[in-house]
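Hi everyone, thanks for coming along. I'd like to walk you through one structure today, so please have a look at it on the screen before we start.

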Amino acid sequence: MADSYNQIDPGLQRLIDAHPLLFRGQAPAISSYVSAGWYSLLDKLCTDIEAVLGPQGCVDLEVRQIKEKLGSLRFYYRQGASTDLHFDLVSPTGRQHLVGRGSKATDDDLVVKRVRELVNAACATSETVCEECGAAAELRNTGGWYTTLCHQHLAERKRTSK
Ligand SMILES: [Zn+2]
């Protein structure tokens, strides 16, 4: 276990250290990585979730995985016995991310709803923030390859991928 702990990205480790209520010192169960530009967004999301849940509510929430998918931030978590379902619809003209309720979702619970709203809002915001540097950016589809990068980092990515 010590080995995998040491391999944690420094940005992720800082996030875990900054939010002991939410992470309880543990990395997400599923290997997680996002680029540096999204960490201030993640930091704010974690602060907001902690404010909504309070110390007691945080105990019931487990962050499962944080990653980039199709140019967008994903923050997967389990709250009590409930996990949301994620669907990615991809077509030649674009893509859509839908979040459905898991079978055991307690939908009447306002706190569950509020956390879902916060996570969805942060993931939507990530599509306007360069994942490398945090500058204003837009989600682009380059031949089925989705990225959210500012002009500078898009140009750099194109250079290195050639
Ligand atoms: Zn950038």
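Let's begin with strand β7, which covers residues 145-149 and is mostly covered, with four of its five residues buried. Please keep in mind that this is a predicted model.

So what does β7 pair with? Its partner is strand β6, residues 138-142, and the two pair in the antiparallel sense over five bridges. If you follow the chain from one to the other, you go round a hairpin with two residues between the strands. One residue to look for in that turn is Gly143, which has a positive phi of about 60 degrees.

Now pick out Arg140, which sits in strand β6. Across from Arg140, in β7, you'll find Thr147. And here is something I'd like you to look at for a moment: which side chain of opposite charge is nearest to Arg140? That is Glu138, 4.3 Å away. The cut-off for a salt bridge is 4 Å, and Arg140, although buried, has no salt bridge. As for what surrounds Arg140, let's set aside the neighbours within four places in sequence. Arg140 is then in contact with Trp145, Tyr146, Thr147, Leu149, His151 and Leu154.

Staying with Glu138, let me bring in another glutamate. Glu127 is found in the loop between α5, residues 110-126, and β6. How far apart are Glu127 and Glu138 in sequence and in space? They are eleven residues apart along the sequence, and their C-alpha atoms are 6.0 Å apart. Is Glu127 buried, partly exposed or exposed? Glu127 counts as partly exposed because its relative accessible area is 23%, and that class begins where buried ends, at 20%. Leaving out residues up to four places away in sequence, Glu127 touches Gly71, Ser72, Arg95, Ala137, Glu138, Leu139 and Thr148.

Let's move over to another pair of strands. Strand β4, residues 85-91, gives three residues to a nonpolar patch, the most of any contributor. Which residues make this patch? They are Leu85, Phe87, Leu89 and Leu98, and together they make a nonpolar surface patch of about 340 Å². Phe87 belongs to strand β4, and at 41% relative accessibility Phe87 counts as partly exposed. While we're on this strand, here is a handy general point: in a regular strand, side chains alternate between the two faces of the sheet.

And what joins β4 to its neighbour? A hairpin takes the chain from β4 to β5 through two residues. Strand β5 is residues 94-100, and seven bridges join β4 and β5, which run antiparallel. If you'd like one of the partners to find on the screen, Asp88 has His97 in β5 as its bridge partner.

Before I finish, two residues with a backbone angle to note. Arg24 is not a glycine, but has a positive phi of about 50 degrees. You'll see Arg24 in the loop between α3, residues 20-23, and α4, residues 39-59. At 40% relative accessibility, Arg24 counts as partly exposed.

The second is Leu70, which also isn't a glycine and has a positive phi of about 50 degrees. Leu70 is located in the loop between β1, residues 61-69, and β2, residues 72-79. With a relative accessible area of 21%, Leu70 is partly exposed.

That's my tour, and I'm happy to take your questions.

Methods:
Residues are numbered from 1 along each chain as its sequence is written. This is a predicted model: local features need pLDDT of at least 70, side-chain atom pairs count only at pLDDT 80 or more; totals for chains, interfaces and linings use all residues. Side-chain values use heavy atoms; hydrogens and water are left out. Buried means under 20% relative accessible area, exposed over 50%, partly exposed in between (1.4 Å probe, protein chains only). Two strands pair if DSSP finds at least two bridges between them. Patches are made of residues with over 30% relative accessible area and no salt bridge: like charges are joined within 9 Å, nonpolar side chains (Val, Leu, Ile, Met, Phe, Trp, Tyr) within 5 Å. Accessible areas come from the Shrake-Rupley method with a 1.4 Å probe; for residues, only the protein chains shown count as cover. Lys and Arg count as positive and Asp and Glu as negative; His and the chain ends are not counted. Contact means heavy atoms within 4.5 Å.
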